[in-house]
Amino acid sequence: MSEETATPDRSNTRWQRTLEVLSVVGPPLTVVTALLVYFGWARTDAQAKAMGLDVSLFGYTVQDFMLRSIQSLFQPLAWLVVIALLWLMLDRAVARLLEFPGQRRRVQLTATVILFLAFAYAAVMWLAVTARPEQTVLYAPFLIAAGLVVGAWGLRVRRRAAGLSAQAPRAGNGALEGWLVFVLVTLLLFWGTSDYAQALGRGAAVDYQERSHLLPTAVVYSKERLAVTVPNVKEESAGSEAAPLYRYTGLRLLVVSGGRIFLLNDGWSLDRGRVVVLPDNGSVRVEYGNPASD
């Protein structure tokens with residue numbers, strides 16, 4: 001009888017632990033997924049607008065946006081890890097200096113100068129960015145966040161060097177101060193990463209203009225005339241009067257997505273180029289080739 005009652009208790013305990021793990025892991029995972037989707041969308045949206053299109057035309061899925069966000073996040077995250085490691089090394093070095101009473105005064109003065117310069121730098125950068133909201137200053141949010149982090153760290157080192165034991169009753173205010181800095185820095189990092197993702201998207205559009213000849217070639221066959229009038233695209237008759245067939249050359253594959261085929265013409269440019277969109281439903285046949293074979 002005891003064994004029968006012990007088995008449900010164990011299973012209930014396992015379920016409770018599983019639910020606790022999911023409750024802890026679930027929300028962060030949801031936030032990370034949402035961020036990946038957003039940064040992927042921001043990059044793709046900027047690229048589409050630079051090409052004179054709308055991002056909704058491509059019909060990208062959530063997975064597509066997540067994959068497109070990797071390039072937008074790789075460098076910012078790599079730099080963030082490197083800077084964090086350097087900061088930890090510096091913080092440990094300062095902690096060792098504080099073990100010597102003769103160095104405390106010097107460390108305190110240095111930290112005071114650092115915190116004032118860092119906060120002043122962050123304020124000047126903020127004013128420079130907000131003065132021209134229509135102009136995107138790349139990396140400015142990252143620099144503002146760096147100024148805040150360095151200033152907050154300088155303030156903490158100054159307090160440690162001064163040995164402010166009187167700050168103990170104000171532990172609640174210190175925690176609130178840390179959280180406010182954390183939230184503000186997080187928002188700035190989000191802002192800066194969004195600007196970086198959009199810059200990558202615009203750069204990708206320019207890259208298509210400069211390297212469109214490296215895209216796969218596309219030859220389109222259709223039983224009906226498509227009336228493609230973009231430059232450098234030739235229409236040829238490849239059938240007979242009884243079985244008409246039209247062939248279109250001078251096209252390059254951009255992407256296949258959302259049930260559509262997106263093609264660029266040879267010599268495509270941001271100023272004068274247009275994107276040919278065909279249905280990917282079997283109504284047309286497309287032959288793709290290696291651009292090196294041209």
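Where does Met89 lie? Select Met89 in this predicted model and you will find that Met89 lies in helix 2. We will come back to Met89 after a look at the whole chain.

**Stop 1: the whole chain**

Colour the protein chain by secondary structure, and five helices and six strands appear. Followed along the sequence, their order is α-α-α-α-α-β-β-β-β-β-β. Now switch on the surface: the protein chain exposes about 18900 Å², and carbon and sulfur atoms supply 63% of that area. Of the 294 residues in the chain, 29% are buried. If you like contact maps, look at pairs of residues at least 6 apart in sequence: 68% of such contacts join residues at least 24 apart.

**Stop 2: Met89 and its patch**

Back to Met89, which is exposed because its relative accessibility is 56%, above the 50% cut-off. Add Trp79, Val82, Ile83 and Leu86 to your selection, and together with Met89 you have a nonpolar patch on the surface. The accessible area of these residues together is about 550 Å².

**Stop 3: Asp91**

Stay in helix 2, which spans residues 62–97, and select Asp91. Is Asp91 buried or exposed? Asp91 counts as buried because its relative accessibility is 13%, under the 20% cut-off.

Next, show the side chains around Asp91. Leaving out neighbours within four places in sequence, its contacts are Trp153, Arg156 and Arg160. Two polar contacts are worth drawing here:

- the side chain of Asp91 to that of Trp153, at 2.8 Å;
- the side chain of Asp91 to that of Arg160, at 3.4 Å.

**Stop 4: the largest nonpolar core**

In soluble globular proteins, nonpolar side chains tend to be buried together. To see the largest nonpolar core here, select Met51, Phe58, Leu254 and Leu264, the members that touch the most others among its 15 residues. Then highlight strand 3 (246–257) and strand 4 (260–265), the elements that each give two or more residues to this core.

Zoom in on Phe58. Which residues is Phe58 in contact with, leaving aside neighbours within four places in sequence? They are Ala48, Leu53, Leu254, Val255, Ser257, Gly258 and Phe262.

**Stop 5: another core**

Finally, select Val230, Leu253, Leu278 and Val284. These residues are among the 14 that make up another core, which lies apart from the largest one.

Note on methods
Residues numbered from 1 in each chain as written. Predicted model: local features only at pLDDT ≥ 70, side-chain atom pairs only at ≥ 80, totals over all residues. Heavy atoms only, no water. Core = buried A, V, L, I, M, F, W, Y, C linked by side-chain atoms within 4.5 Å. Buried < 20%, exposed > 50% of the residue type's maximum accessible area, 1.4 Å probe, protein only. Helix = DSSP H or I, 4+ residues; strand = E, 2+ residues; numbered from the N terminus. Contact = heavy atoms within 4.5 Å. Areas by Shrake-Rupley, 256 points an atom, 1.4 Å probe, with all protein chains shown as cover. Polar contact = N/O pair within 3.5 Å; in protein donor to acceptor, adjacent residues only side chain to side chain. Patch = residues over 30% accessible without salt bridge, like charges linked within 9 Å, V, L, I, M, F, W, Y side chains within 5 Å. Salt bridge = Lys/Arg side-chain N within 4 Å of Asp/Glu carboxyl O.
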